[in-house]
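Work through the exercises below with the sequence and coordinates open. Each task is followed by a solution in steps.

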Amino acid sequence: MIPFERSADGSIVATFSAVEAELISSLATQVAGLLGSVAARSDDPELAGTGIGGSSRMDDDPAIARLLPNAYSGDDDASQEFRQLTERGLASRKIDNAVTVLKTLAPIASADATLGGIADAELSDESLEFGEEITLDAAGALAWMRALTDIRLTIAARLGIVTDDDTIDEDDEQAVVLADVYGWLGMVTESLVEAVDQ
Amino acid sequence: MVQTTPELVQQERTEFDSPWITLVWNDPVNLMSYVSWVFRTYFGFSREEADRLMMQVHNDGRSVVATGSREEMERHVEAMHDYGLWATLQKADA
């Protein structure tokens, strides 16, 4: 990977290898899948089919709960009412961001990307030999920032990283691999924020 | 004649009509640079103010980033959720 940077013409560019592109695509697909189940449901028959709406309460899955949190602090009724009106829209916009990432990476990533590839993924910030450049405009960069954030929120929820002091179980091989990916995505996101902010 | 400063009028109106606040809460995921950038681009804060609020979130666990009507705060909270920031609204005196 070559991290994100702002090119001379103002666009945001980065270079990803096929493995890296497949990894990000796989994760974006999973997040979109999680949110897809929410976007499709509505507890209010009046609103079903209108595109607005949502469920009555926060999801039991901690990742979904973090992506679509309660809006009111300490007022479950108000949170429920607000969720019923806004949840589907929020979930749909997050899915759109993930789809933007998938479209950007489609020319690099192969179609059969799976999460199983993570274990074999060679993540680096200096492998210049392999990889293709992607170019983002302002809207694309915003979608990417949001999608990368949603992916990192999802991984953190899976790893049980809820507070600044939480750490992963070093004996859990799968968790160690996932934490590695999480850290790498943090670096990718950081470079994107810096490039956009220039 | 006493000239009322716009700032004071704004403050009085805010307190009268709109006792609601938007809070952004600390989380271990979002990058400090990203949170500051969101505060600047969405709320229009200066870099200095955005960084101050971001550090407040980081150190104190939360920060009030907006005050206004309930509807406005709902809009801000939904926008923060779009960015992946953890935000809630509540009455200012709650």
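**Exercise 1.** Not counting residues up to four places away in sequence, which residues does W144(A) touch?

*Solution.* The model is predicted, so local features need pLDDT of at least 70 and side-chain atom pairs count only at pLDDT 80 or more, while totals for chains, interfaces and linings use all residues. Residues are numbered from 1 along each chain as its sequence is written, with chains lettered from A and ligands numbered from 1 in the order in which they are written.
- Step 1. Apply the contact criterion: two residues are in contact if their C-beta atoms, placed from the backbone, lie within 7 Å.
- Step 2. With residues up to four places away left out, W144(A) touches T100(A), V101(A), L136(A) and L192(A).

**Exercise 2.** Find the residues with the most contacts inside the largest nonpolar core, and the helix that gives the most to this core.

*Solution.*
- Step 1. A residue is buried if 20 or more other C-beta atoms lie within 10 Å of its own, exposed if 12 or fewer, and partly exposed in between, with C-beta atoms placed from the backbone.
- Step 2. A nonpolar core is a set of buried Ala, Val, Leu, Ile, Met, Phe, Trp, Tyr and Cys residues joined through C-beta atoms within 7 Å.
- Step 3. The largest such core has 72 residues, and A28(A), L35(A), W144(A) and L192(A) have the most contacts inside it.
- Step 4. Helix α1 of chain A, residues 18–39, gives the most, with 12 residues. Helices (H or I, at least four residues) and strands (E, at least two) are DSSP runs, numbered from the N terminus.
- Step 5. Because 16 of its 22 residues are buried, α1(A) is largely enclosed by the rest of the structure.

**Exercise 3.** Compare the expected span of α1(A) with the distance between its ends.

*Solution.*
- Step 1. The expected span is 1.5 Å times one less than the number of residues.
- Step 2. For the 22 residues of α1(A) this gives 32 Å; the end C-alpha atoms are 30 Å apart, which agrees.

**Exercise 4.** Describe the sheet of chain A formed by β1, β2 and β3.

*Solution.*
- Step 1. Two strands pair if DSSP finds at least two bridges between them. By 3 bridges, β1(A) (residues 2–6) is joined antiparallel to β2(A), where T15(A) is the bridge partner of I2(A).
- Step 2. These two strands form a hairpin with 5 residues between them, and G10(A) in the turn has a positive phi of about 95°.
- Step 3. Another 5 bridges join β2(A) antiparallel to β3(A), residues 132–136. Here F16(A) stands opposite E132(A), and V13(A) opposite T135(A).
- Step 4. The open sheet has the order β1-β2-β3. Since β1 and β3 of chain A are at the edges with a single partner strand each, one side of each is left without a neighbour in the sheet.
- Step 5. On β2(A), residues 12–16, I12(A), A14(A) and F16(A) make the covered face, and V13(A) and T15(A) the uncovered one.

**Exercise 5.** Characterise the side of chain B that touches chain A.

*Solution.*
- Step 1. The contact takes 20 residues from chain B and 28 residues from chain A.
- Step 2. On the chain B side, α2 (32–43), α4 (70–83) and β3 (86–91) each supply at least two residues. The largest share, 6 residues, comes from α4(B).
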